[in-house]
Amino acid sequence: MSVNVVLGAGGPTGQECVKRLLEATSEKVRAVVRNPSKYADVFSKSDRLEVVAGDVTDESSLRTALEGAKGVIFAASGVGYWSAKPVDYEGVVKTAAAAKAAGTVGRVVVVSSMMTDPANRWHPVRILLNNIRYSLMDYKYKGEEALRNSGVSWTIVRPGGLTKGERGKSIITAVKDVTKEVGMGSISRADVAAISVEALTNPKAANAKFSVFCKKPEEPLGGDYNAHVASLFG
Ligand SMILES: NC(=O)c1ccc[n+]([C@@H]2O[C@H](COP(=O)([O-])OP(=O)(O)OC[C@H]3O[C@@H](n4cnc5c(N)ncnc54)[C@H](OP(=O)(O)O)[C@@H]3O)[C@@H](O)[C@H]2O)c1
């Protein structure tokens with residue numbers, strides 16, 4: 001049975017990715033966290049789920065974590081003021097290298113941010129985010145660039161502001177390959193997880209970046225959620 005891997009699986013988006021993989025696929029899920037004991041009772045029990053130790057700053061731990069992986073979702077992000085370079089940038093570089101070394105990985109999906117592109121360098125939100133953690137947006141963009149040039153099949157998911165809400169509450173907008181931010185809408189982490197899981201296998205998501213958000217006011221989603229998510233990549 002194939003295995004899909006979530007890096008930074010203990011974060012709120014990572015947890016949603018694990019949940020979505022378990023419900024939307026019949027494959028195994030490997031949740032990679034820095035300290036598995038911290039997450040002993042967090043993930044739902046499933047014989048398809050394993051929780052293992054791994055740190056995106058440590059390439060050898062990634063090589064172990066990605067052994068035999070089919071899809072990889074990078075949902076990690078640094079903790080602490082100086083963490084953007086080692087985690088959000090170099091962590092992606094190391095993940096791409098480990099994915100290549102594994103030889104089994106069909107796609108690496110990175111959860112990034114709508115504001116990363118330098119075309120938005122004077123946007124007040126980007127400036128703020130770069131100051132909350134040192135150069136966070138600049139380093140996330142460097143991570144995106146490294147992934148794009150890594151030779152692995154990739155998708156970059158750039159969400160607007162993340163919320164705790166349920167998935168499928170509103171129609172999602174996904175805009176491909178833009179540089180300038182296209183709408184300051186927010187989106188639930190559960191929706192981002194569904195998009196990221198879909199991106200692992202959707203051929204139209206290969207080697208492309210998507211800004212994803214829900215418009216305000218919310219536009220209720222009437223139809224089938226899975227079909228809506230599958231249609232987002234064009
Ligand atoms: N908040 C927003 O509105 C917003 C908007 C757009 C994009 N984003 C981006 O979306 C992504 C997901 O955000 P989120 O709020 O769900 O997550 P988050 O709170 O930033 O958590 C990410 C997780 O990464 C893990 N982590 C930290 N350092 C690590 C390392 N060296 N190796 C492996 N894992 C590590 C941490 O878990 P442990 O401490 O347990 O290891 C943490 O729980 C982030 O990249 C974020 O910047 C956020």
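## The largest pocket

The largest pocket is lined by 41 residues, and those nearest its centre are Ala75, Ala76, Ser77, Arg133 and Lys140. This description rests on a predicted model. The volume of the largest pocket is about 1000 Å³. By type, its lining residues divide into 20 nonpolar, 15 polar and 6 charged.

Several elements each supply at least two residues of this lining: helix H1 (12-24), strand E2 (28-33), helix H4 (124-132), helix H5 (136-148) and strand E7 (161-163). H5 gives the most, with 3 residues.

## The second largest pocket

The second largest pocket has a volume of about 160 Å³. Its lining has 15 residues, of which Ala24, Thr25, Val197, Glu198 and Thr201 are the closest to the centre. The lining residues of the second largest pocket comprise 7 nonpolar, 4 polar and 4 charged.

Which helix gives the most to the lining of the second largest pocket? H6 does, with 5 residues. H1, helix H6 (189-201) and helix H7 (225-231) each supply at least two residues of the lining.

## Salt bridges around Asp88

Side chains of opposite charge can pair when their charged atoms come close. The structure holds 13 salt bridges. One of them joins Asp88 and Arg133, with the closest N and O atoms 3.4 Å apart. Asp88 lies in helix H3 and Arg133 in the loop between H4 and H5, so this pair ties together parts that are 45 residues apart in sequence.

Asp88 also meets the side chain of Lys140 in a salt bridge, at 2.7 Å from N to O. This pair links distant parts of the chain, since Lys140 is in helix H5 and Asp88 in helix H3, 52 residues apart.

Are Asp88 and Arg133 buried or exposed? Both are buried. Asp88 has a relative accessible area of 3%, and because buried means under 20%, Asp88 falls in that class. Lys140 is also buried, with a relative accessible area of 12%. Arg133 and Lys140 appear again among the residues nearest the centre of the largest pocket.

## Other salt bridges

Asp117 forms a salt bridge with Arg158, and the closest N and O atoms are 3.6 Å apart. Here too the pair links distant parts of the chain: Asp117 is in the loop between strand E5 (107-111) and H4, while Arg158 is in strand E6 (residues 154-159), 41 residues apart. Asp117 counts as buried at 5% relative accessibility, and Arg158 counts as buried at 1%.

Elsewhere, Arg20, Glu23 and Arg167 are joined into one network by salt bridges that share partners.

## A nonpolar surface patch

Tyr81, Trp82 and Tyr134 make a nonpolar surface patch of about 370 Å². Tyr81 is found in the loop between strand E4 (69-74) and helix H3 (84-102). How can Tyr81 be part of a surface patch, and what is its relative accessible area? The value is 36%, and because patches are made of residues with over 30% relative accessible area, Tyr81 passes that cut-off. Tyr81 is classed as partly exposed.

## Ala40 and Val51

Ala40 has its place in the loop between E2 and strand E3 (49-53). Ala40 is partly exposed, with a relative accessible area of 47%. From C-alpha to C-alpha, Ala40 and Val51 are 8.4 Å apart in space, and they are 11 residues apart in sequence.

Key
Residues numbered from 1 in each chain as written. Predicted model: local features only at pLDDT ≥ 70, side-chain atom pairs only at ≥ 80, totals over all residues. Heavy atoms only, no water. Patch = residues over 30% accessible without salt bridge, like charges linked within 9 Å, V, L, I, M, F, W, Y side chains within 5 Å. Areas by Shrake-Rupley, 256 points an atom, 1.4 Å probe, with all protein chains shown as cover. Salt bridge = Lys/Arg side-chain N within 4 Å of Asp/Glu carboxyl O. Helix = DSSP H or I, 4+ residues; strand = E, 2+ residues; numbered from the N terminus. Buried < 20%, exposed > 50% of the residue type's maximum accessible area, 1.4 Å probe, protein only. 1 Å grid on protein atoms, 1.4 Å probe; cavity = no way out; pocket = protein on both sides within 12 Å on 5 of 7 lines; lining within 4 Å. Points joined across faces, edges and corners; volume = space filled by probe spheres on them. Nonpolar A, V, L, I, M, F, W, Y, C, P; charged D, E, K, R; others polar.
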